[in-house]
Amino acid sequence: MAEHPTPSSAALRALAERGFIEQVSDFAGLDSALAAGMVTFYIGYDPTAPSLHVGNLVTMMGMRLLQKHGHRPIIVLGSGTARIGDPTGRADTRRILEPEQIAAHVEAIRKQFARLIEFDSGQPNDALLFDNAEWLMGLGYIEFLRDVGRHFTVNRMIAAKTYRDRLEAELPLSFLEFNYQLVQAYDFHWLYRNRGCTLQAGGADQWGNMIAGVELIRRIRADAEHAETEPDQAQPDQAHCLTFPLLTTADGSKMGKTAKGAVWLDPEQVSAFDYYQFWINCDDVVVAKALRTFTDVPIEQITELAGRRQGRELNEAKALLAFEATRLVHGDEAAEQARRGTTQAFGRGEDWSALPLVELALASISLLDLVVHEQIAGFKSKRDARERIKSGAVKLEGEPATDPAEMIDPSRGGPEGLRVQIGPKKRLRVRLTGA
């Protein structure tokens, strides 16, 4: 992360305190703009999945912080760019989704911003939400090449890390993917011209695409001013871009992945209980960073907690992180339920009523099939599950269950369901409802 001078604007100062600043196209210029009044900024999200995940949450929390300091967010759900596929950080070509699937993803993702971002509070900086298909789908190809493509050189584009990495590794790079940078740059230009948006923010891996947008705006504006005797006073000020660091684990990998895949924000895909478990089990070394990034806990309190590196105090810091992070995404009631469920699951009490309940429409199921069922996903494979069951890693109602062929039917368990423990960290209730 680059060193920057102390910001004069409250917004940039808050971003710096919480570790959100990676790169800025013009630090002094952006700082001055943020100090002068409300800045309209945007962050884009391609709807390539039916939910956002913890990786997206870094930019969402950065957006939240900027809005809290009086600036106006624009959220762009890119159903237009999703038809191309962002090659950033990928060694293969992204699968192109059908338009109907993209549209379904857009509708699902819209709802996930409401807990973190203000839309209809009546304030001037209420968030706006657009789909870039609004301006991209009507573009003519020749028009786009003439008005946008002419401002880019292939020499400069292939120097960008996204493209350079692919080419140096001799991996395929389709012409479709090669155009992604131009299309994202056009998004910024369209918002700059039509919505007064002067700042694009995003993850550090988007730097090349974002700088392309700043340069496109500058070049088109220079062309317009050169062609006119009077400068266009209606155009907004200089455009900027700002990237947030990618939060990584102790081994350097992106935070937000588990053995089961991405940690989704949609409670239908990752329950509040499992979301809480993700945070309470995070690496010790990232607790303070995660508190700054994923919660609203005051900086002073985080600084005090940062010194807690072991034992009970570290566990208390993790519990605070888990509760506050879960509360923001899932709400107060779900966070409290997850906290209570965690106490029940890993304490010594007999009450498991707050733990996740999985209901299966089955008349019976073997223990082996149960622990690998897609709604439980206790182990990676049946082979792994069979060995772990035999070693005593699975308990039913607190007692070891070591026979993979043991059959489970609806009579097992009490009114609250069958209590299942898988390994040292997974606790849940299971209820079979019959075929």
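**Notebook: rings, sheets and salt bridges**

Both Phe-278 and Trp-279 are buried. I started there, and I remind myself that this is a predicted model.

**Entry 1: aromatic rings**

I looked up the ring geometry next. A pair of aromatic rings is described by the distance of the centres and the angle of the planes. I counted 10 aromatic pairs in the structure. For Phe-20 and Phe-244 I noted an edge-to-face pair, with 5.5 Å from centre to centre and 75° between the planes. Phe-20 sits in the loop between α1 (10–17) and β1 (23–24), and Phe-244 in strand β6 (residues 240–244), so I logged a link between distant parts of the chain, 224 residues apart. Phe-20 and Phe-244 are both buried. The pair Phe-278 and Trp-279 is edge-to-face too, because the ring centres are 4.9 Å apart and the planes stand at 75°. I then followed the ring pairs outward and found Tyr-275, Phe-278, Trp-279 and Phe-294 linked into a cluster.

**Entry 2: the sheet around β5**

Phe-244 led me to its strand. I traced an open sheet of 6 strands, with mixed pairing and the order β1-β6-β5-β2-β3-β4. The edges are β1 and β4 (128–131); each has a single partner strand, so one side of each has no neighbour in the sheet.

How many of the residues of strand β5 are buried? I found 7 of the 7 in β5 (residues 197–203), so this strand is largely enclosed by the rest of the structure. On one pairing, β5 runs parallel to β6 over 5 bridges, and Ala-201 has Leu-242 in β6 as its bridge partner. On another, strand β2 (residues 40–45) pairs with β5 in the parallel sense over 3 bridges. There I noted Thr-40 opposite Cys-197 and Phe-41 opposite Leu-199. As a reminder to myself, in a regular strand the side chains alternate between the two faces of the sheet.

**Entry 3: the other open sheet**

I also traced an open sheet of 5 strands, again with mixed pairing, in the order β9-β15-β14-β11-β12. Its edge strands are β9 (357–360) and β12 (399–400), each pairing on one side only. I checked β9 against strand β15 (residues 426–432) and found parallel pairing over 4 bridges. Val-358 has Val-430 in β15 as its bridge partner.

**Entry 4: salt bridges**

My search of the whole structure gave 17 salt bridges. I picked Asp-223 and Arg-150, whose closest N and O atoms are 3.2 Å apart. Asp-223 lies in helix α11 (residues 207–227) and Arg-150 in the loop between α6 and α7 (154–157), so this pair ties together parts 73 residues apart in sequence. Asp-223 is partly exposed at 34% relative accessibility, while Arg-150 is exposed at 53%.

Helix α11 also supplies Glu-215, linked to Arg-156 in helix α7, 59 residues apart. Their side chains meet at 2.8 Å, N to O. Is Glu-215 buried or exposed? It is buried, because its relative accessibility is 15% and the cut-off for buried is under 20%. Arg-156 is partly exposed, at 47%.

I then took a pair within one helix: Glu-336 and Arg-339 form a salt bridge at 2.7 Å, N to O. They are 3 residues apart in helix α16 (residues 332–346), so about one helical turn separates them. Both ends came out partly exposed: Glu-336 has a relative accessible area of 32%, and Arg-339 has 33%. Finally, I noted that Arg-64, Lys-68 and Asp-296 are linked in a network of salt bridges.

**Entry 5: a buried glutamine and a nonpolar patch**

Gln-67, in helix α3 (residues 54–68), caught my eye as a buried residue, with a relative accessible area of 8%. Leaving out residues up to four places away in sequence, I listed what Gln-67 touches: Pro-73, Ile-117, Glu-118, Asn-125, Asp-126 and Ala-127.

On the surface, Tyr-141, Ile-142, Leu-145 and Phe-175 make a nonpolar patch of about 460 Å². Helix α6 (residues 141–147) gives the largest share of this patch, 3 residues.

**Entry 6: whole-chain tallies**

I closed with totals. The chain has 18 helices and 15 strands, and buried residues make up 49% of its 435 residues. Its accessible surface is about 21300 Å², of which 50% belongs to carbon and sulfur atoms. Of the contacts between residues at least 6 apart in sequence, 72% join residues at least 24 apart.

Methods: Residues numbered from 1 in each chain as written. Predicted model: local features only at pLDDT ≥ 70, side-chain atom pairs only at ≥ 80, totals over all residues. Heavy atoms only, no water. Patch = residues over 30% accessible without salt bridge, like charges linked within 9 Å, V, L, I, M, F, W, Y side chains within 5 Å. Areas by Shrake-Rupley, 256 points an atom, 1.4 Å probe, with all protein chains shown as cover. Salt bridge = Lys/Arg side-chain N within 4 Å of Asp/Glu carboxyl O. Helix = DSSP H or I, 4+ residues; strand = E, 2+ residues; numbered from the N terminus. Pairing = 2+ DSSP bridges. Buried < 20%, exposed > 50% of the residue type's maximum accessible area, 1.4 Å probe, protein only. Contact = heavy atoms within 4.5 Å. Phe/Tyr/Trp six-rings, centres within 6.5 Å; stacked < 30°, edge-to-face > 60°.
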